[in-house]
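This note is offered as a colleague's reading of the structure shown below. Please consider the points in order, with the sequence and model at hand.

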Amino acid sequence: MLRNALVLTLVLAVGALAEDPKPNAAFEQMKKMVGDWTAPMDMGEGKMMDVPFSYRLTAGGSALVETLFVGSEHEMMSVYYVDKGDLVLTHYCHLQNQPHMKMDAQTDPKVISFTCVGAGNTASCDETHMHQGKFTWTDDDHATAEWTLFQAGKPGDHPVKLDLTRKK
């Protein structure tokens, strides 16, 4: 019993000595997405559907999990986090690959864009993968997400633009 108490005390002491990571303004902006969102999307042949999105924090607030097409067969996930001071994301795609993106230089605090720097489960970035993403906020309850798929090493013909609205 005393041994367990000593171990717990040591763990707490080490944790108290650990330096808190510096806040990242872009990640703090992304964290404002926590909650449930919806976006109208053309599913082909003029069929519109309200697509559900969910954002939640995990890992002690150090990672933001975005779930797209919640509960559907097309469900996908992206995880946003700070790595060595840079805001990055890994997208777990329905295409069964995992693009890794890094935030581009930010000039407007209401706009965050990402570009692919590599991908898991692909031989090269010439294979089809999600390559770029961009978020633009109009207020805390409305944002636009734009995603560009790359095919044969260049942007595809149909970028996806989603007008997100927070569910109340």
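The numbered points below go from the overall fold to individual residues and their contacts.

1. Overall composition. The structure is a predicted model. Its chain contains two helices and 11 strands, and along the sequence these follow the pattern α-α-β-β-β-β-β-β-β-β-β-β-β. Of the 168 residues in the chain, 33% are buried. Among contacts between residues at least 6 apart in sequence, 33% join residues at least 24 apart.

2. Strand pairing. Strand β7, residues 111–120, pairs in the antiparallel sense with strand β6, residues 98–103, over six bridges. Within this pairing, Thr-115 of β7 is the bridge partner of Lys-102. β7 also pairs in the antiparallel sense with strand β8, residues 129–139, here over five bridges. In that second pairing, Gly-133 of β8 stands opposite Phe-114.

3. The nonpolar core. The largest nonpolar core comprises 30 residues. The residues with the most contacts inside this core are Phe-53, Tyr-80, Phe-135, Trp-147 and Leu-164. In soluble globular proteins, nonpolar side chains tend to be buried together.

4. Phe-135 and Leu-164. Phe-135 is found in strand β8. Phe-135 counts as buried because its relative accessible area is 0%, under the 20% cut-off. The C-alpha atom of Phe-135 is separated by 9.6 Å from that of Leu-162, a residue 27 places away along the chain. Leaving aside neighbours within four places in sequence, Leu-164 is in contact with Phe-135, and its other contacts include Met-33, Trp-37, Phe-53, Tyr-55 and Ala-145. Asp-141 and His-142 are also among the residues in contact with Leu-164.

5. Glu-66, a buried acidic residue. Which side chain of opposite charge is nearest to Glu-66, and how far away is it? It is Arg-56, at 12 Å, and Glu-66 is buried yet has no salt bridge. With a salt bridge requiring nitrogen and oxygen atoms within 4 Å, the 12 Å separation explains why Arg-56 does not serve as a partner. The side chain of Glu-66, a residue of strand β3 (residues 63–68), does make a polar contact of 2.6 Å with the side chain of Tyr-55. Leaving aside neighbours within four places in sequence, the contacts of Glu-66 also include Ser-54, Met-76, Met-77 and Ser-78. Tyr-80 and Phe-135 are further residues in contact with Glu-66, and both are named among the core residues with the most contacts.

6. Glu-73, an exposed acidic residue. Glu-73 lies in the loop between β3 and β4, the latter spanning 76–83. Is Glu-73 buried or exposed? Its relative accessible area is 69%, over the 50% cut-off, and therefore Glu-73 counts as exposed. The C-alpha atoms of Glu-73 and His-94 are 8.9 Å apart, with these positions 21 residues apart along the chain.

7. A salt bridge within a helix. The structure holds four salt bridges. One of them joins Glu-28 and Lys-31, with the closest N and O atoms 3.3 Å apart. Both residues lie in helix α2 (residues 25–31), three residues apart, about one turn of the helix. Glu-28 is partly exposed, at 37% relative accessibility, and Lys-31 is likewise partly exposed, at 22%.

8. Salt bridges centred on Asp-141. Arg-166 forms a salt bridge with Asp-141, the closest N and O atoms being 2.8 Å apart. This pair links distant parts of the chain, with Arg-166 in strand β11 (residues 160–166) and Asp-141 in the loop between β8 and β9 (142–151), 25 residues apart. Arg-166 is buried because its relative accessible area of 16% is under 20%. Asp-141 also forms a salt bridge with Lys-168, where the closest N and O atoms are again 2.8 Å apart. Here too the pair links distant parts of the chain, since Lys-168 belongs to the segment after β11, 27 residues from Asp-141. Lys-168 is exposed, at 84% relative accessibility. Through shared partners, these salt bridges join Asp-141, Arg-166 and Lys-168 into one network.

Terms used. Residues are numbered from 1 along each chain as its sequence is written. This is a predicted model: local features need pLDDT of at least 70, side-chain atom pairs count only at pLDDT 80 or more; totals for chains, interfaces and linings use all residues. Side-chain values use heavy atoms; hydrogens and water are left out. Helices (H or I, at least four residues) and strands (E, at least two) are DSSP runs, numbered from the N terminus. Buried means under 20% relative accessible area, exposed over 50%, partly exposed in between (1.4 Å probe, protein chains only). Lys and Arg count as positive and Asp and Glu as negative; His and the chain ends are not counted. A polar contact is a pair of N or O atoms within 3.5 Å; within protein, one must be able to donate a hydrogen and the other to accept it, and residues adjacent in sequence count only if both atoms are side-chain atoms. Contact means heavy atoms within 4.5 Å. A nonpolar core is a set of buried Ala, Val, Leu, Ile, Met, Phe, Trp, Tyr and Cys residues joined through side-chain atoms within 4.5 Å. Two strands pair if DSSP finds at least two bridges between them.
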